[in-house]
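Visitor: Could you take me through one helix of this model up close, and then show me what sits around it?

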Amino acid sequence: MELAKLLQECKEERLTAQKWLFDQFSTSFFLLCRRYLRNNENAEECMMNGFLCIFKALPNFEYQNDGAAINWMKRIMVNECLRSLRKKEHLLLVAEELAQEIPVADNALDQLAAEELFQLITQLPIGYRTVFNLHVIEGLKHGEIAQELGITEGTSKSQLNKARMMLQQLLAVKNMETNAQRKTK
Amino acid sequence: MHNEKPNNPLAEKLDGMNSLPEGFGFSANRVWDQLENQLQYRKRKPMLWLRYAAAIVLLASAATIWFLQKETATLKDSFTKQSIEQAPVNIPSPITKEAPELMAKKEMPLKNTMPISTSEVPESTALVQTSIPIEPIPIKDSIQTNETIAVAISSPVVTTKPAIKSTPIRKKYPVVHLYELYREPEPIYSKTAPKRTITETDESPVAPVETNRSFWLPKPKPVIITTSLTDNQ
């Protein structure tokens, strides 16, 4: 079923269309929520609340194209995750002096498979991964992140640098492990 | 956030994940069941809200009515109690009637009469001393107005003649001795009976028969005897 038609039927509050939409996007949205949140339960709850918000906000949504509609739904999910973080995780990012931006080549990350990248991100602390997700994956600027999380831009940048450094360390450890496994084989 | 994202290889890579990695899983059916319940609850919510609102309004109105009724009842009670307590009512002391004393007349003992003992008097005829409380006369409400009211007052009648007291005229009855009232009947047709002649000194109040007779008998018609003088007489 086309996404436009599906969304139109969801606007009319048809349960079958809502179920179709849920089945189509539940996995990707769960993974999105899991990137932000600590455990699966929180991610499930956050995804459910996100779908509720989507169905509630659909009557005011004007469909333009599939990409915009998917991004709109993702934005709702991210906002729900941030709300949950503020509520449950007591997201507290310590303001730090503006650290020099560490030039980290994302090529190393680009070479990773999606699953490996996902697992590396979930190993990051909450603060680091939140800023990393918002800046690198969602494409927000530091100013927007600062406004969203209630922190300064400097804090956002330092958190991002630390997240990148940690990812490099994790990546190095992983490479060492894989090399060791290959040697044993 | 932007609806249209620039090309981001990492985001594209993560978005392209259609399968869950190891250690990351969720029950889609369970989440959908919860979501379905939430959606149906949201549909029912307006009706439930209306019902709750109606119930609250009804309860509130009933409570206010009950409260007002209770308040008025307490006000009435307090008013009556105060009015009863504060109203200066001068209840006169109950009038006691002294029981009449039975006084036996010693000077004039009754002869040929049955002696009556007080124990034989039935209870119903016994004298009972009662006190009748007199209720205070309610004072009528007077209307107080600031408006002037025209009242017609009759002017006093000026009389030249002084008021004469009319004394009741007492009838004077003649004092008659008892023996004068009763007299032995006189034989009407007895030859021996002395002729009674009415004298001027006779002051007997007995009316003549003629007068008494006229009271209850019809008046005798006068008989007119007409005689004609003829040659035979």
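Guide: Sure, let's go with α3(A): it has 18 residues and reaches 25 Å from its first C-alpha to its last, close to the 26 Å expected at 1.5 Å a residue. Keep in mind that this is a predicted model.

Now for burial along that helix. Buried residues in α3(A) are Ala43(A), Glu44(A), Cys46(A), Met47(A), Met48(A), Gly50(A), Phe51(A), Ile54(A) and Phe55(A). A bit of helix geometry is handy when you read that list: an α-helix has 3.6 residues a turn, so residues three or four places apart point the same way.

Next, the partner. Helix α2 (residues 15–36) of chain A packs with α3 (residues 40–57) of chain A at an angle of about 135 degrees, and their axes are 9 Å apart. Angles over 145 degrees would count as roughly antiparallel and 65 to 115 as roughly perpendicular, and α2(A) and α3(A) are therefore oblique to each other. As for handedness, α2(A) passes α3(A) in a right-handed crossing.

Which residues do the touching? On the α2(A) side you'll find Gln18(A), Phe22(A), Ser26(A), Phe29(A), Phe30(A), Cys33(A) and Arg34(A). They meet Asn40(A), Ala43(A), Cys46(A), Met47(A), Gly50(A), Phe51(A) and Phe55(A) from α3(A). Sorted by class, the residues of this α2(A)–α3(A) contact come out as nine nonpolar, four polar and one charged. Some names turn up in both places: Ala43(A), Cys46(A), Met47(A), Gly50(A), Phe51(A) and Phe55(A) are buried and are also among the residues that meet α2(A).

Follow α2(A) the other way and you get to helix α1 (residues 3–11) of chain A. The axes of α1(A) and α2(A) come within 8 Å and cross at roughly 130 degrees, and these two helices are therefore oblique to each other as well. Here, though, the crossing of α1(A) past α2(A) is left-handed. Leu6(A), Glu9(A) and Cys10(A) make the contact from α1(A), with Ala17(A), Gln18(A), Trp20(A) and Leu21(A) on α2(A). That set divides into five nonpolar, one polar and one charged. Gln18(A) is worth a click, as it takes part in the contact with α1(A) and also in the one with α3(A).

Both α2 and α3 have a role in the contact between the chains, too. That contact takes 33 residues from chain A and 28 residues from chain B. On the chain A side, α2, α3, α4 (66–89), α5 (107–110), α6 (114–122) and α7 (126–137) each supply at least two residues. The largest share, nine residues, comes from α2(A). By class, the side of chain A that touches chain B has 17 nonpolar, nine polar and seven charged residues.

Zooming out, chain A has nine helices and zero strands. Buried residues make up 36% of its 185 residues, and residues 24 or more positions apart account for 68% of the contacts in chain A with a separation of 6 or more. Chain B, for its part, has four helices and zero strands, and 1% of its 233 residues count as buried.

One last stop, away from α3(A): Leu112(A) is in the loop between α5 and α6 of chain A. With 17 other C-beta atoms within 10 Å, Leu112(A) is partly exposed. Leu171(A) is 59 residues from Leu112(A) in sequence, while in space the pair is 9.3 Å apart, C-alpha to C-alpha.

Terms used. Residues numbered from 1 in each chain as written. Chains lettered and ligands numbered in written order. Predicted model: local features only at pLDDT ≥ 70, side-chain atom pairs only at ≥ 80, totals over all residues. Axes fitted to C-alpha atoms, helices over the stretch in contact; angles between N-to-C directions. Parallel < 35°, antiparallel > 145°, perpendicular 65-115°, else oblique. Left-handed = near helix turned anticlockwise from the far one by under 90°. Contact = placed C-beta atoms within 7 Å. Nonpolar A, V, L, I, M, F, W, Y, C, P; charged D, E, K, R; others polar. Expected span 1.5 Å × (residues − 1). Buried ≥ 20, exposed ≤ 12 C-beta atoms within 10 Å, placed from the backbone.
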